[in-house]
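Q: I should like to go through this model one topic at a time. Could we begin with the helices and then turn to the sheet and the interface?

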There are 4 protein chains.
Amino acid sequence: MAAFLHRLRARYHECDPQGIVFNANHIAYVDVALTELWREAFGSYDEMGKLGFDMVVADVHAAFRASVPFDAEVTLALAIERFGRTSMTTHWVTSVGDQTCVEGEIIHVWIDATTAKPIEIPDDARKALAPYAA
Amino acid sequence: MAAFLHRLRARYHECDPQGIVFNANHIAYVDVALTELWREAFGSYDEMGKLGFDMVVADVHAAFRASVPFDAEVTLALAIERFGRTSMTTHWVTSVGDQTCVEGEIIHVWIDATTAKPIEIPDDARKALAPYAA
Amino acid sequence: MAAFLHRLRARYHECDPQGIVFNANHIAYVDVALTELWREAFGSYDEMGKLGFDMVVADVHAAFRASVPFDAEVTLALAIERFGRTSMTTHWVTSVGDQTCVEGEIIHVWIDATTAKPIEIPDDARKALAPYAA
Amino acid sequence: MAAFLHRLRARYHECDPQGIVFNANHIAYVDVALTELWREAFGSYDEMGKLGFDMVVADVHAAFRASVPFDAEVTLALAIERFGRTSMTTHWVTSVGDQTCVEGEIIHVWIDATTAKPIEIPDDARKALAPYAA
C-alpha cells in the first residue's frame, strides 16, 4: 500500500506543553519524509532542481487521530494517489506502532525552476515517481 | 467578514532557503492568532482551561496561493464558520497587503480538561465565541 | 543601559513539554530582536544588504537564570558592548517583568555581501549603530 | 576524544534564507544529540526522570566556524569535559565531513525531579555518564 516509508524520532523541541508533537510540526515531518522520497527517486532535492523543474506545495490537509509523544518512533508512509496534468496528490500517514496518529494529503504543483511558472509534469519526473504511486 | 484579526512579522528563522515562510509555519501562525482570539474571548488560554474544558485540533487544511517573504507584515483573519455539537470549524486567511497568501480551515473538538474525552461545546464557550462567527 | 528594547509573546509552539520556552528558541528571540534593531538603524535588514555589507553570527552565549512560561510577555534588551575592527559584541537580556530570565552575548562579523569575506566594520554601519552602544 | 556521536540530516525547514542551518537550530541539534546520549546512558530521557532527578540547561555557548547547508550529513560529537558538584560541562562539535562547523559547551545542573531544586550529581548519574567523559 504505502510506497515509501521514512522513520524518525519525535524530538523534544518539536513537542509542545502537552508533551506531544505540535500540530504544525506534523506538516514539517511530511516535508522531511518527502525529501527522502526525492532522494530515492532523483538522487536528491538538489539533483531534482538540476533537471530544470521544481515543485511547490499548493495544498495540504491533516486529520489528527491520536497524539505523538516525545521520543516516539514515528513512521511516515507516503503514496502518490494521483498524477494530474500539472499537479500530484500524495497521501501520507504518520503512525507510531500500529496506531495511525495523523493522516492527510499534500498537493504539489510543478514549476519551471527558472520562471517559477506552472508546467506539465515532465516525463522524467513521472517515470522517476511512478514506483511511489498508490 | 473576518471576525478577528491578528498581525505579525514574518521572522527570519521561519523562512526557508527560498526566502519565504516555510509551509508548516503557516499552520503555526494560525495557532498564534487563535491564542490571541482565546485571549480576547476568555481572558487567556490558561483562563479557558480553568473553565474545565479544553480544545484539541482535529483537522487542518491550507491552500497556498502566494508566498510570504521574510520581514513581511502578515495579517491573519479568523472567522468561525460552523459550531457543531462537539466541534467548531474556523476559516482563516493569511494575507500581506491585499494579497491572500494562504487560506484554509481548522477544526477544534472540545474535550473535558481532566478526562480528555470529547464533550458538547459548553454554553460558556458558545457565548464567548459567538462574536467571532462568520 | 539597554539601548534597544523589543517585546514579544512566548508562543505555544516555542514551548517544550515543561511548558517553558525551549532553550534554543531564546537564541531565535535574539535574532528577532536584532532584526528590529537593524530596521531602526538601517531601515530594514534588506536595506542593510543594499549597502554592500552583511553580518554573520560568529559566536553566541546564553546563561539561563529563570524559565519563561507560555504566553509570557517577554522583553529583549540589547546593547552593543564592543565595536572591534571586523566584529561587534552585543549584550542581550531576556526578561519577564522584573525577572531576568536569560542573558548573554552575540558576536557578529562583517562580511562583504558579494564575496562573503570579512571586512572592517564600514563607517556607515558604525554611525548607524552608535546609538545602540552600551 | 569524542565520547558520543550522533548523526542527522540538515532538514529543509531548519535552514534559513541563506540556505544554511539557522544558528539557533544548532543548539536544538545539541539537545537532539544529548537525548540520544541519555538513551544510551540511562535507557531513555523518561527512564532518567524515574531515577528521581532531572537536568536543566544552565548555560550554552556556540562558536560558528562554517555554515551547514541543507541536506548535509551532520555529525554531533559530545564529550563531558567536567563533572562539578551540582553541574556538568559537555563540549560539543558539529561537523560535516572533515569540516568543524560549530562547536561549544553546554552546562547542565542537576535538580530534584519533584522540587526542581539543585542537588549534587547523584552517584547513579556519575556512573552512568562516566563513559562519556573526555
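Q: Which strands does helix α1 of chain B lie across?
A: This is a predicted model. In it, helix α1 (residues 23-42) of chain B lies across β1, β2, β3 (73-83), β4 (87-96) and β5 (99-112) of chain B, together with β2 of chain A.

Q: At about what angle to β3(B) is that helix running?
A: Helix α1 of chain B runs at about 70° to β3(B).

Q: And which strands does helix α1 of chain A lie across?
A: Helix α1 (residues 23-42) of chain A lies across β1, β2 (53-64), β3, β4 (87-96) and β5 (99-112) of chain A, and also across β2 (53-64) of chain B. With respect to β3(A), this helix runs at about 70°.

Q: Now the sheet. In what order do the ten strands come?
A: The order is β1(A)-β3(A)-β4(A)-β5(A)-β2(A)-β2(B)-β5(B)-β4(B)-β3(B)-β1(B), in an open sheet with antiparallel pairing.

Q: Which strands are at the edges?
A: The edge strands are β1 (4-9) of chain A and β1 (4-9) of chain B, each of which pairs on one side only. On average, neighbouring strands of this sheet are turned by 25° against each other, direction ignored.

Q: How many bridges join β1(A) to β3 of chain A?
A: Six bridges join β1(A) to β3 (residues 73-83) of chain A, and the two strands run antiparallel. As one example, A:H6 has A:L76 in β3(A) as its bridge partner.

Q: What about the middle, where the chains meet: over how many bridges do β2(A) and β2(B) pair?
A: β2(A) and β2(B) pair over five bridges, in the antiparallel sense. Within this pairing, A:A62 stands opposite B:V60 in β2(B).

Q: How many residues are in contact between the two chains?
A: 14 residues of chain A are in contact with 14 residues of chain B. The largest share of the chain A side, eight residues, comes from β2(A). By class, that side has nine nonpolar, three polar and two charged residues.

Q: Why do the copies meet through the same surface?
A: They do so because 100% of the interface residues of chain A are also interface residues in chain B.

Q: Last topic: what rotation superposes chain A on chain B?
A: A rotation of 180°, with 0.0 Å of shift along its axis, superposes chain A on chain B with an RMSD of 0.0 Å. That is the relation of a two-fold axis.

Q: Which residue of chain A comes closest to the rotation axis?
A: A:H61 comes closest among the residues of chain A, its C-alpha lying at 2.2 Å from the axis.

Methods:
Residues are numbered from 1 along each chain as its sequence is written. Chains are lettered from A and ligands numbered from 1 in the order in which they are written. This is a predicted model: local features need pLDDT of at least 70, side-chain atom pairs count only at pLDDT 80 or more; totals for chains, interfaces and linings use all residues. Two strands pair if DSSP finds at least two bridges between them. Helices (H or I, at least four residues) and strands (E, at least two) are DSSP runs, numbered from the N terminus. Axes are lines fitted to C-alpha atoms, for helices over the stretch in contact, and angles run from 0 to 180 degrees between N-to-C directions. Two residues are in contact if their C-beta atoms, placed from the backbone, lie within 7 Å. Copies are superposed by least squares on the C-alpha atoms of residues with pLDDT of at least 70 in both. Ala, Val, Leu, Ile, Met, Phe, Trp, Tyr, Cys and Pro count as nonpolar, Asp, Glu, Lys and Arg as charged, and the others, Gly among them, as polar.
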